[in-house]
Amino acid sequence: MRKKIVAGNWKMHKNAEQTEDLLNELIAKVPTDTTAQVIVAPTFVNLASAVDHLEFTNIDVAAQNVHQAESGAFTGEISVDMLKSVGVNTVILGHSERRAIFHESDALIASKVDAALAHEMTVIFCFGEELKDRQSNIHFNVVENQLKEGLFHIKAASWENVVLAYEPVWAIGTGETASPEQAQEMHEFIRETVRKSFGSDVAEDVAILYGGSVKPENAKEIFSKPDVDGGLIGGAALKADDFVAIINAI
């Protein structure tokens, strides 16, 4: 059975004190018997403290990005080894904001994927179309290309450390959300695309998350679709009650 996952991407929010406060709320409110894997991704400067804070809980910690090099003269960057050294074993790669704002190409993201998988990290691989792509009816092509260019070079065995996160860019932080039917249509297409290149076992085992203005009000219906295995949550992950309600929707 595929793993159910709810991951909270905190983006550039929460200082050290605010991070501790939110983690304490989540520790108190996330059900200990939840069937979902719960992940939070604070900022780089709060990762080590978050790992320590959550050590004896059922909440895991992810990084929001990583550099592809092992080390070197890359001012301001963070390596895989640095993340692993503070107990972080999961990283979000290819997020739409990294692609759009920081101009990360498919090739660059692919190199980051390689670096993370080489160190046996779990990769939450993000991809998705912009509004103009959907309006031009090329959204399936865009998604397929992002998958193939950024991820499909890996070996089949590496898929056990991959989680897919489909995020329609037009629905991120806009209040717009793909309908449950649109989400299922794309997730089914993604799973079939994986199947064609890596076979049914990989396709059926990989978790595909939906990311795009998931809220307590719509989470249950979205998560009820057969190919939607959870969510990559943005704004709602910054409020403990909302995030827990989304976890409970699984």
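Is Asn137 buried or exposed? Select Asn137 and switch on a surface view: at 55% relative accessibility, Asn137 counts as exposed. Keep in mind as you click around that this is a predicted model.

**Stop 1: backbone oddities**

Stay on Asn137 for a moment. You'll find it in the loop between H6 and H7. Asn137 isn't a glycine, yet its phi is positive, about 60°. That's worth a second look, because most residues other than glycine have a negative phi.

Now jump back to Lys14, in the loop between strand E1 (5–9) and H1. Here is another non-glycine residue with a positive phi, this one about 80°. Lys14 counts as partly exposed, at 27% relative accessibility.

One more for this stop: select Glu120, which follows H5 and has a positive phi near 60°.

**Stop 2: helix H7**

Select residues 139–150, which make up helix H7. How far apart should the ends of H7 be? With 12 residues at 1.5 Å a residue, H7 should span 16 Å, and its end C-alpha atoms are indeed 16 Å apart, so the two agree.

Next, colour His139, Val142, Val143, Gln146, Leu147 and Gly150, which are buried in H7. Look down the axis: these residues cover an arc of only 130° around it, which puts them on the same side of H7. What do they pack against? Show helix H4 (96–100), helix H5 (106–118), strand E5 (122–127), helix H6 (131–135), strand E6 (162–166) and helix H8 (180–198), and you have the partners of the buried residues of H7.

Before leaving, pick out Lys148 and Glu144. Both sit in H7, four residues apart, or about one turn of the helix. They form a salt bridge, with the closest N and O atoms 2.8 Å apart. Lys148 is partly exposed, with a relative accessible area of 37%, and Glu144 is partly exposed too, at 24% relative accessibility.

**Stop 3: helix H5**

Select H5, one of the elements that the buried residues of H7 pack against. H5 has 13 residues and reaches 18 Å from its first C-alpha to its last, close to the 18 Å expected at 1.5 Å a residue.

Which residues of H5 are buried? Show Ile109, Ala110, Lys112, Val113, Ala115, Ala116 and Leu117. Notice that a lysine, Lys112, is in that group. Now bring up what covers them, including helix H3 (80–85), strand E4 (90–93), H4, E5, H7 and E6.

**Stop 4: salt bridges**

Side chains of opposite charge can pair when their charged atoms come close. How many salt bridges does a search of the whole structure find? The search turns up 18.

Start with Asp241 and Lys29, whose side chains meet in a salt bridge (2.7 Å, N to O). Asp241 lies in helix H11 (residues 240–249) and Lys29 in helix H1 (residues 16–29), so this pair ties together parts that are 212 residues apart in sequence. Asp241 is partly exposed at 49% relative accessibility, and Lys29 is partly exposed at 35%.

Then go to Arg195 and Glu204, another salt bridge, at 2.9 Å from N to O. Arg195 counts as partly exposed at 24% relative accessibility, while Glu204 is partly exposed with a relative accessible area of 34%. Widen your selection to add Arg2, Lys4, Arg191, Glu192, Asp227 and Asp229: together with Arg195 and Glu204, they are linked in a network of salt bridges.

**Stop 5: the rings**

Time for the aromatics. A pair of aromatic rings is described by the distance of the centres and the angle of the planes. Searching the whole structure gives seven aromatic pairs. Zoom in on one of them, Phe152 and Trp159: the ring centres are 5.9 Å apart and the planes are at 70°, so the pair is edge-to-face. Phe152 is buried, with a relative accessible area of 14%, and Trp159 is buried as well, at 4%.

Next, select Phe125, Phe127, Tyr166 and Tyr210 in one go, and you'll be looking at a single aromatic cluster.

Last pick of the tour: Arg98 and Phe102. What sits over the ring of Phe102? That's the charged end of Arg98, 4.1 Å from the ring's centre.

Conventions:
Residues are numbered from 1 along each chain as its sequence is written. Side-chain values use heavy atoms; hydrogens and water are left out. Rings of Phe, Tyr and Trp (its six-membered ring) pair if their centres lie within 6.5 Å; planes under 30 degrees apart count as stacked, over 60 as edge-to-face and the rest as tilted. Buried means under 20% relative accessible area, exposed over 50%, partly exposed in between (1.4 Å probe, protein chains only). A charge sits over a ring if NZ of Lys or CZ of Arg is within 6 Å of the ring centre and within 35 degrees of the ring normal. A salt bridge is a side-chain nitrogen of Lys or Arg within 4 Å of a carboxyl oxygen of Asp or Glu. Helices (H or I, at least four residues) and strands (E, at least two) are DSSP runs, numbered from the N terminus. The expected span of a helix is 1.5 Å times one less than its number of residues. The arc is that of the directions from the helix axis to the C-beta atoms. Contact means heavy atoms within 4.5 Å.
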